[in-house]
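Student: Please take me slowly through one part of this structure, and explain how its pieces are put together. I would like a close look at a single region, followed by whatever helps me to place it in the rest of the chain.

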Amino acid sequence: MNGSQQLARVVEQACQRHGVPGMVIGVLRGDAERVVHAYGVASVETGCPVRRDTLFQIGSITKVFLATLAMRLVEEGRLDLDEPVTSYLPDLRLSDPETQQRLTMRHLLTHTSGILGDHFQDYGLGDDALARYVADLHQIPQVHPLGRCWSYCNSGFSLAGRVIEVLTGQPFESAMRELLFEPLGLERAFFFAHDIIGYPLAVGHRAGDDGQPEVVRDFPLPRSVHPAGGITATVDDLLAFAAFHLGLARPERSPVSAASIALMQEPQTPAANWADHYGLGWALWSLGGTRVVGHGGSTNGSQAHLTLLPERRAAIASLTNHDDGSAAYLEVESWLLAEEFGLRPTPPPLVTLSEAELARFAGEYSYPLARLTVRPAAGGLWLDVVQTGGLSRRPREQRLSPLFLRPVGRNVFVSGLPVAVPNRVDFLSEEGAECPRWIRAFGRLAERVMG
């Protein structure tokens, strides 16, 4: 069995194991030809096969595109990462006066603003959608003080998108196409559903009441969310973007310099959960002593991931059309990293915490998208999660399978077997406090409400 056949078998088994209707995975190695494998169907209702040129929503990988565009504006002298955002948006109002005064683009691109991160209000399809979104930001709370810690923030990227609109004098999507998509030759990268019509498209799926995949109907994202996660693209466009960030492609009209690309991949702030640090837009971690740069993306019924190995001049792009697609692509990516690059995740050494130490984490925690309950157990903690909202216009409560957390530090835990991306959960306390105020899981800070 050759390498392509082995990859096809691994993809098929992972998708069948996790109920994922379709996947496209692409591998880039140096200047060699790209390897792309497409599996399954774009929709369980139509049975249309997934093809290499099938469009998928890439979700929050969009944030790296935005950060790249921001660096172009920096190079052109139109944007300063450390200038207060109010220099560009003088009418900006936030719920926290200090954040309003001191917030910078660097805070936004590194998820350190402290603004509540998941504000998905729909402000229509007009060109004023982002302006209206930003005008209402004073109504959402400040989760933690500015710069206090890393906490994933979609809202901050919508705000960054509005800054880009003001600096370029055009809608965010137009600025992205003119200043980034076109110079990089990304011909199948879109934001709007009316631009996607006419191309092969993978629709999103979720598990129905019978456990079988069902099509997600609320496909388009609100326009106000476009800067945080609105791109739909093909695997080849995603690999072309990766090649540019690896220095493998220098288009005639290069949007940013190699120095800016390198800066984006430098640690800017300690992170948590799925990354060791964050750069400008990128998540940063290591695997087998090798530096990894990447980002994931989640939308209604779609999961995507882009992984770069800068020193190996290599990348892996994964696109799926199911809410559980991340479980499938992590299996495939982990296999590829091991078989093609000799990189295998190793479990971190466990530590022993006493019953009393584990008991201090017990309680209920909450943030707008979920309720989390932590229960001490022999050797660790049980984490129960009930999702209460999200991007869907028809949210429904969903109880996730409990996660068993094993301690690898006094306040840091891991769940499950090691895979290509870190899978940590940690707890944060106020200075001098013994019991934690927050649990940080899935990138978000959930505040303790009971216990």
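Tutor: Before we start, it helps to know that an axis here is a line fitted to C-alpha atoms, for a helix over the stretch in contact, and that an angle runs from 0 to 180 degrees between N-to-C directions. The model in front of you is a predicted one. Let us look closely at the open sheet, in which eight strands follow the order β2-β1-β12-β11-β10-β9-β8-β7 and the pairing is antiparallel. At its edges stand β2 (35-40) and β7 (269-270), each of which has a single partner strand, so one side of each is left without a neighbour in the sheet. Further in, strand β1, which covers residues 22-29, is joined to strand β12, residues 314-320, by seven bridges, and the two run antiparallel. If you want one place to rest your eye on this pair, find G26, which stands opposite A317 in β12. Helix α10, made of residues 235-245, lies across β1, β2, β11 (302-309) and β12, and runs at about 30° to β1.

To place this region in the chain, we can turn to the UniProt record, an unreviewed entry, which puts the feature "domain: Beta-lactamase-related" at residues 7-326. Over residues 7-326 the chain is 31% helix and 18% strand, while the C-alpha atoms at the two ends are 17 Å apart.

Helices also pack on one another, and two packed helices are described by the angle between their axes and the distance between the axes. Helix α6 (residues 154-168) and helix α7 (residues 172-184) pack at an angle of about 70°, with 9 Å between their axes. The two helices α6 and α7 are therefore roughly perpendicular to each other. On the α6 side G161, I164, E165 and T168 take part, and they meet F172, A175 and L179 in α7. Sorted by class, this contact of α6 with α7 holds four nonpolar residues, two polar ones and one charged one.

Finally, compare strand β13, residues 363-367, where G363, Y365 and Y367 form a covered face, whereas E364 and S366 form an uncovered one. A hairpin of two residues joins β13 to β14, and β13 pairs with β14 (residues 370-377) in the antiparallel sense over five bridges. Strand β13 is also joined by three bridges to strand β21 (residues 444-450), again running antiparallel. Y365 is a useful marker here, with L372 as its bridge partner in β14 and R448 standing opposite in β21.

Methods. Residues are numbered from 1 along each chain as its sequence is written. This is a predicted model: local features need pLDDT of at least 70, side-chain atom pairs count only at pLDDT 80 or more; totals for chains, interfaces and linings use all residues. Side-chain values use heavy atoms; hydrogens and water are left out. Two strands pair if DSSP finds at least two bridges between them. Helices (H or I, at least four residues) and strands (E, at least two) are DSSP runs, numbered from the N terminus. Contact means heavy atoms within 4.5 Å. Buried means under 20% relative accessible area, exposed over 50%, partly exposed in between (1.4 Å probe, protein chains only). Angles under 35 degrees count as roughly parallel, over 145 as roughly antiparallel, 65 to 115 as roughly perpendicular and the rest as oblique. Ala, Val, Leu, Ile, Met, Phe, Trp, Tyr, Cys and Pro count as nonpolar, Asp, Glu, Lys and Arg as charged, and the others, Gly among them, as polar. UniProt positions are given in the numbering used here, feature names are shortened, and annotations may be inferred rather than shown by experiment.
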